[in-house]
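Trainee: I should like to learn how charged residues and pockets are read from a structural model. Could we work through an example together?

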Amino acid sequence: MIRRRLHPHLHELLSENPAVALIGPRQVGKTTLAWQIADEMDSVYLDLESPSDLAKLSEPELYLADHQHRLVILDEVHKTPGLFQTLRGLIDRGRRSGQGVGRFLLLGSASMDLLRQSGESLAGRIAYLELAPLDVSEVGTSNAAPLWVRGGFPDSVLAADDRKSFLWRQNFIRTYLERDIPQLGPRIPAERLRRLWVMLAHAQGELLNAAALARGLGVDGKTISRYLDLMADLLLVRRLPPWRKNTGKRLVKSPKVYVRDSGIVHALLGLTSQEDLLGHPVVGASWEGFVIETLVSRLPDGSEASHYRSSGGAEIDLIVTLPGRRPWAIEVKRSLNPRPPKGFHSGCLDVRPAAKYVVYPGAERYMVTADTEAVPLIDLAREVSRAT
């Protein structure tokens with residue numbers, strides 16, 4: 001059993017808030033983490049995909065009031081959006097009687113419905129925590145290469161071999177397309193969405209070109225925006241926004257788009273093993289996405305992540321802005337002799353970062369220039385999470 005790094009943070013949020021929503025894509029480990037919390041607290045668990053558990057909530061106010069002194073864990077809560085109004089009343093009554101925290105743990109795929117319903121009904125009563133796939137700090141540096149190839153979904157990275165991992169990811173993609181997405185959003189043809197997902201994998205880390213995607217799918221730009229909104233809401237795709245500060249330069253204003261899990265990228269492209277990946281043109285972009293996802297998932301609350309690109313060729317892969325601090329400029333290189341390109345240094349003259357890093361797959365830290373440090377991914381991930 002891998003202990004998730006968010007475990008203590010979830011405990012902390014439950015001690016401070018009446019309700020906590022643990023969100024994330026399917027199969028990322030939300031239920032496993034919730035069961036660990038359940039073993040440590042007096043709690044009751046309900047799976048709202050189970051008919052028997054759902055039947056217990058035929059009169060939700062009566063049932064939940066009977067468990068007012070326990071943590072109630074509601075799995076797949078996005079399937080019962082009408083429940084949020086009931087939770088609001090129970091939370092408010094509990095506050096008046098001195099039970100103001102640790103009442104409900106809500107689990108669900110991060111759908112638009114879940115966020116909208118909870119935001120409207122439980123404003124000021126709920127905290128959000130996103131559970132991302134496993135990262136290198138959770139599996140250890142010795143497993144970094146398999147983690148990159150297989151991605152961070154627990155059943156994929158812990159599979160007995162590459163073939164079983166690949167088959168799991170193929171089934172995951174199929175289930176999302178054929179069952180989960182139709183339940184969570186407007187009806188979208190599964191084959192069309194698969195084609196979009198594959199196109200995004202081929203264009204991993206490139207600037208969003210909605211017109212090209214629209215032509216490839218035979219739809220209009222607004223439809224592409226709607227599809228991307230849905231996939232971003234489900235935490236399957238990340239749109240990394242451009243740096244928005246005024247530098248006096250002509251900046252590219254398009255986001256860069258990443259399929260968030262590297263293992264899903266490889267499954268979409270039919271890459272079964274590390275050997276397949278190393279011989280494919282996507283290898284550099286896949287490593288870049290893997291690094292960026294690892295770092296962004298570790299950012300403290302209130303942080304911002306963006307990329308920088310000017311019309312003159314200046315480019316920074318990732319800019320991390322921590323609360324109240326000057327930004328960090330981060331270049332990603334899949335090389336044991338990483339050297340930031342001229343465009344990185346030009347971009348840094350515009351951004352004026354407090355620190356400059358080159359993330360590479362080696363194990364040692366050293367200065368590649370007078371003010372730019374080469375750093376292993378796990379080291380920078382820890383620095384990012386500690387920086388407040």
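Mentor: The discussion below takes up salt bridges, a buried charge and a pocket in turn. Please bear in mind that this is a predicted model.

Trainee: How many salt bridges does a search of the whole structure find?

Mentor: The general idea is to look for a side-chain nitrogen of Lys or Arg within 4 Å of a carboxyl oxygen of Asp or Glu. Here, a search of the whole structure yields 21 salt bridges. One of them pairs Glu49 with Arg179, at 3.6 Å from N to O. Glu49 sits in the loop between strand 2 (43-47) and helix 3 (51-56) while Arg179 belongs to helix 10, so this pair ties together parts that are 130 residues apart in sequence.

Trainee: Are the two partners, Glu49 and Arg179, buried or exposed?

Mentor: Glu49 is partly exposed, with 34% relative accessibility. Arg179 is likewise classed as partly exposed, its relative accessible area being 36%.

Trainee: Which parts does the salt bridge between Asp371 and Lys356 tie together?

Mentor: The side chains of Asp371 and Lys356 come to 2.7 Å, N to O. Asp371 is in the loop between strand 13 (366-369) and strand 14 (372-376), and Lys356 is in strand 12 (residues 355-360), so the bridge links parts 15 residues apart in sequence. Asp371 is partly exposed at 43% relative accessible area, whereas Lys356 counts as buried at 17% relative accessibility.

Trainee: Which residues do salt bridges that share partners join into one network?

Mentor: Such a network is read by following shared partners. In this model, it consists of Arg26, Glu49, Glu76 and Arg179. Glu76 lies in the loop between strand 3 (71-75) and helix 5 (83-96), and Glu76 is buried, with a relative accessible area of 10%. The side chains of Glu76 and Arg26 are joined by a polar contact of 3.3 Å. Glu76 also touches Asp47, Leu48, Glu49 and Leu107, among residues beyond four places in sequence. The C-alpha atoms of Glu76 and Glu49 are 6.6 Å apart in space, although these residues are 27 residues apart in sequence.

Trainee: What is the nearest side chain of opposite charge to Arg169, and how far away is that side chain?

Mentor: For a buried charge, one examines both the opposite charges and the polar atoms around the side chain. Arg169, in helix 10 (residues 162-184), is buried and has no salt bridge; the nearest side chain of opposite charge is Asp162, 6.0 Å away. A polar atom of the Arg169 side chain does lie 3.4 Å from the backbone oxygen of Arg150. The contacts of Arg169 outside its neighbours within four places in sequence include Val149, Ser156, Gly263, Ile264, His266 and Thr272.

Trainee: With which residue does Arg150 form a salt bridge?

Mentor: Arg150 forms a salt bridge with Asp162, with the closest N and O atoms 3.0 Å apart. Arg150 is in helix 8 (residues 144-150) and Asp162 in helix 10, so the pair connects parts that are 12 residues apart in sequence. Arg150 is buried at 10% relative accessibility, while Asp162 is partly exposed at 28%.

Trainee: How much space lies in the largest pocket?

Mentor: Rolling a probe the size of a water molecule over the atoms shows where empty space is left. The largest pocket holds about 610 Å³. It is lined by 21 residues, and those closest to its centre are Val296, Ser297, Leu299, Pro300 and Asp301. Helix 1 (7-16), strand 5 (126-130) and strand 9 (304-309) each give two or more residues to the lining, with strand 5 providing the largest share, three residues.

Note on methods
Residues are numbered from 1 along each chain as its sequence is written. This is a predicted model: local features need pLDDT of at least 70, side-chain atom pairs count only at pLDDT 80 or more; totals for chains, interfaces and linings use all residues. Side-chain values use heavy atoms; hydrogens and water are left out. Helices (H or I, at least four residues) and strands (E, at least two) are DSSP runs, numbered from the N terminus. Buried means under 20% relative accessible area, exposed over 50%, partly exposed in between (1.4 Å probe, protein chains only). Lys and Arg count as positive and Asp and Glu as negative; His and the chain ends are not counted. A polar contact is a pair of N or O atoms within 3.5 Å; within protein, one must be able to donate a hydrogen and the other to accept it, and residues adjacent in sequence count only if both atoms are side-chain atoms. Contact means heavy atoms within 4.5 Å. On a 1 Å grid over the protein atoms alone, a cavity is a set of points where a 1.4 Å probe fits but cannot get out, and a pocket is an open set with protein on both sides within 12 Å along at least five of seven lines; lining residues have an atom within 4 Å of a point. Grid points are joined across faces, edges and corners, and a volume is the space filled by probe spheres set on the points.
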